[in-house]
Amino acid sequence: MNRTQLSSWCLAACMALLAGCANRPVNPPIVQANPGSGYRFETRQAEVKDKDALVILAFSGGGTRAAAFSYGVLEYLRRTEIVTPKGRGRLIDQVDIITGVSGGSFTALAYGLYGDKLFDDYEQRFLKRNVQGAIISRSFNPGNWARLSSLGWGRSELASELYDEILFNNATFGDLNRGKGPLILASATDISSGARVVFQQSVFDVLCSDLNAVPLSRAAAASSAVPVVLSPITINNYGGTCHMTPPPWVNRFLDTDKPPRPAARAIRSLRSLSELGDGVKRPYLHLVDGGVSDNVGMRGVLDALEVLEAMQEAGMPTQLDSAKRIVVFIVNSLSVPPTQWDESESPPGSVQILLKSSGVPIDRYSFEAVELLRDMAARWDTMRRVRNSQAMADNKDPALAAAIRGPNAEIYAIDVSFAALKDKAELDYLNRQPTTFVLPDEAVDRLRAAAGTIISGSPEFKRLLKDVDGSLVSEPARPGNQR
């Protein structure tokens with residue numbers, strides 16, 4: 001190496017070192033929490049399309065497998081119109097809330113940002129791109145080594161930069177806040193406490209931070225930061241500096257040692273969230289994959305419904321008093337790839353055990369979350385039937401009337417999972433798709449197609465159509481895009 005080359009190399013190294021000293025992206029503080037502003041459910045109610053119904057999509061984790069499967073759900077809802085006595089409209093326009101975890105958060109956030117424009121190029125920009133290879137390549141690039149060794153930087157920060165370049169174009173939650181689409185709730189996990197951290201302003205009020213300034217790419221990176229494989233995303237905690245006070249209904253539950261039983265788990269989640277607000281003792285939160293605390297995006301849905309149930313049983317007004325139906329599409333891309341471990345005397349290796357041991361409990365909870373929603377639906381249905389019976393209408397006992405007070409909405413739990421496929425060969429193929437951020441184009445297309453097949457054949461979806469006196473008009477899938 002001659003002197004000129006050496007000088008050039010030193011200059012490049014110094015520039016890389018200076019770049020490595022750059023601070024990580026910081027979520028800015030707020031001076032005063034304002035429950036009437038920011039990206040939250042309360043400020044998005046005007047976007048609810050049908051006051052008689054609340055429609056929720058819950059997108060699970062699972063890398064590109066989850067992103068493609070949830071995208072297939074959006075494609076089906078977009079090309080399918082429902083005709084009822086009230087009129088005709090696309091199913092996708094009835095969606096009010098989308099929860100996203102890990103791989104599912106990419107599809108949720110991207111749809112919230114782009115709306116119908118997402119369907120022009122999401123395949124090429126993300127689903128059919130080797131995202132995993134690009135992250136690995138950047139990690140081994142010497143130009144990034146200084147940054148990777150600096151405080152607060154890791155592989156997830158590099159991934160966040162990539163997500164901005166290929167998908168989000170530096171958009172923030174402020175851009176979602178100005179949009180007209182459904183509320184998007186991406187979630188991650190605080191690795192210290194195990195608490196679920198949802199990217200909405202009501203949660204960031206606890207942290208005394210402005211969500212509008214947070215890039216969507218960082219939310220996606222946090223939601224998909226698989227422990228060990230990717231580094232945590234670190235955010236600043238200014239809790240206790242913005243005069244944040246919880247809504248009065250929250251205090252009513254938190255101030256008692258015996259909250260109404262249906263809301264017990266939800267109250268525990270609220271208390272866990274409030275504990276995050278001590279910015280003095282916990283000035284930083286380190287966020288990892290949302291699937292660690294909720295792999296199907298259902299915990300938030302269950303918590304919210306249980307709080308609503310408890311509020312109504314306590315005689316308190318709720319935001320859904322007029323709702324007749326709550327429709328939840330549980331979009332679960334859980335795969336169960338077969339193993340031959342039980343056929344061999346030799347045990348599996350350490351890496352295989354690590355991956356399996358971290359995934360099995362999460363997958364088991366995913367199943368339980370769906371069953372809990374079905375149990376809630378059955379409980380609400382029983383209470384509604386009793387209230388509507390003629391015998392109860394004639395009964396003047398106030399204690400008995402209070403005992404059966406509760407939500408009047410009917411819950412429709414539409415399970416969109418691989419297990420619902422009748423084609424066993426297709427089920428076997430999808431179950432073999434790994435949890436990575438790169439899949440063959442054929443797998444992406446077959447995942448998308450399977451989503452529509454499962455929804456159209458769902459008994460619960462058919463029950464919903466019957467109850468609203470609706471019929472479907474569906475456009476065919478675009479040639480070449482779906483199997």
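Here is a walk through this structure, from the whole chain down to single pairs of residues. Keep in mind that you're looking at a predicted model.

Let's start with the big picture. The protein chain has 19 helices and 11 strands. Of its 483 residues, 50% count as buried. The surface that the chain exposes comes to about 22,700 Å², and carbon and sulfur atoms supply 56% of that. What about contacts along the chain? Take the contacts with a separation of 6 or more: residues 24 or more positions apart account for 81% of them.

Now zoom in on one helix, H19, which covers residues 459-467. Which of its residues are buried? They are Phe 461, Leu 464 and Leu 465. Look down the axis of H19 and you'll find these buried residues within an arc of 100°, so they line one face of the helix. There's a handy bit of background here: an α-helix has 3.6 residues a turn, so residues three or four places apart point the same way. On the other side of H19, Pro 459 and Lys 466 are exposed. And what do the buried residues of H19 pack against? Their partners are helices H2 (63-79) and H18 (441-457), along with strands S2 (80-84), S9 (325-332), S10 (410-417) and S11 (471-474). Just after H19 comes Asp 469, and its phi is positive, near 55°.

Next up is the disulfide. A disulfide is a covalent bond between the sulfur atoms of two cysteines. The count for this model is 1 disulfide, and the two partners are Cys 208 and Cys 242, with their sulfur atoms 2.1 Å apart. Where do they sit in the chain? Cys 208 is in the loop between helix H9 (201-206) and helix H10 (216-223), while Cys 242 is in the loop between strand S7 (233-236) and helix H11 (248-254). The pair links distant parts of the chain, 34 residues apart. The angle about the S-S bond is -75°, and the link is left-handed. Are these cysteines buried or exposed? Buried means under 20% relative accessible area, so Cys 208 counts as buried at 1%, and Cys 242 counts as buried at 0%.

For a look at the surface, go to the loop between H10 and S7, where you'll find Val 226. Together with Val 228 and Val 229, Val 226 forms a nonpolar patch with about 260 Å² of accessible area. Val 226 counts as partly exposed, at 33% relative accessibility.

Last stop: the charged pairs. Side chains of opposite charge can pair when their charged atoms come close. This model has 24 salt bridges by count. In one of them, Asp 52 meets Lys 86, with the closest N and O atoms 2.6 Å apart. Asp 52 lies in the loop between helix H1 (3-20) and strand S1 (53-59), and Lys 86 in the loop between S2 and strand S3 (87-90), so the pair ties together parts that are 34 residues apart in sequence. Asp 52 is partly exposed at 22% relative accessibility, whereas Lys 86 is exposed at 66%.

Another salt bridge joins Arg 138 and Glu 165, at 2.5 Å from N to O. Arg 138 is in helix H5 and Glu 165 is in helix H7, so this pair ties together parts that are 27 residues apart in sequence. Finally, some charged residues form a network of salt bridges: Glu 75, Glu 123, Lys 128, Asp 445 and Arg 448.

Key. Residues numbered from 1 in each chain as written. Predicted model: local features only at pLDDT ≥ 70, side-chain atom pairs only at ≥ 80, totals over all residues. Heavy atoms only, no water. Disulfide = S-S within 2.5 Å. Helix = DSSP H or I, 4+ residues; strand = E, 2+ residues; numbered from the N terminus. Buried < 20%, exposed > 50% of the residue type's maximum accessible area, 1.4 Å probe, protein only. Patch = residues over 30% accessible without salt bridge, like charges linked within 9 Å, V, L, I, M, F, W, Y side chains within 5 Å. Areas by Shrake-Rupley, 256 points an atom, 1.4 Å probe, with all protein chains shown as cover. Salt bridge = Lys/Arg side-chain N within 4 Å of Asp/Glu carboxyl O. Arc of directions from axis to C-beta. Contact = heavy atoms within 4.5 Å.
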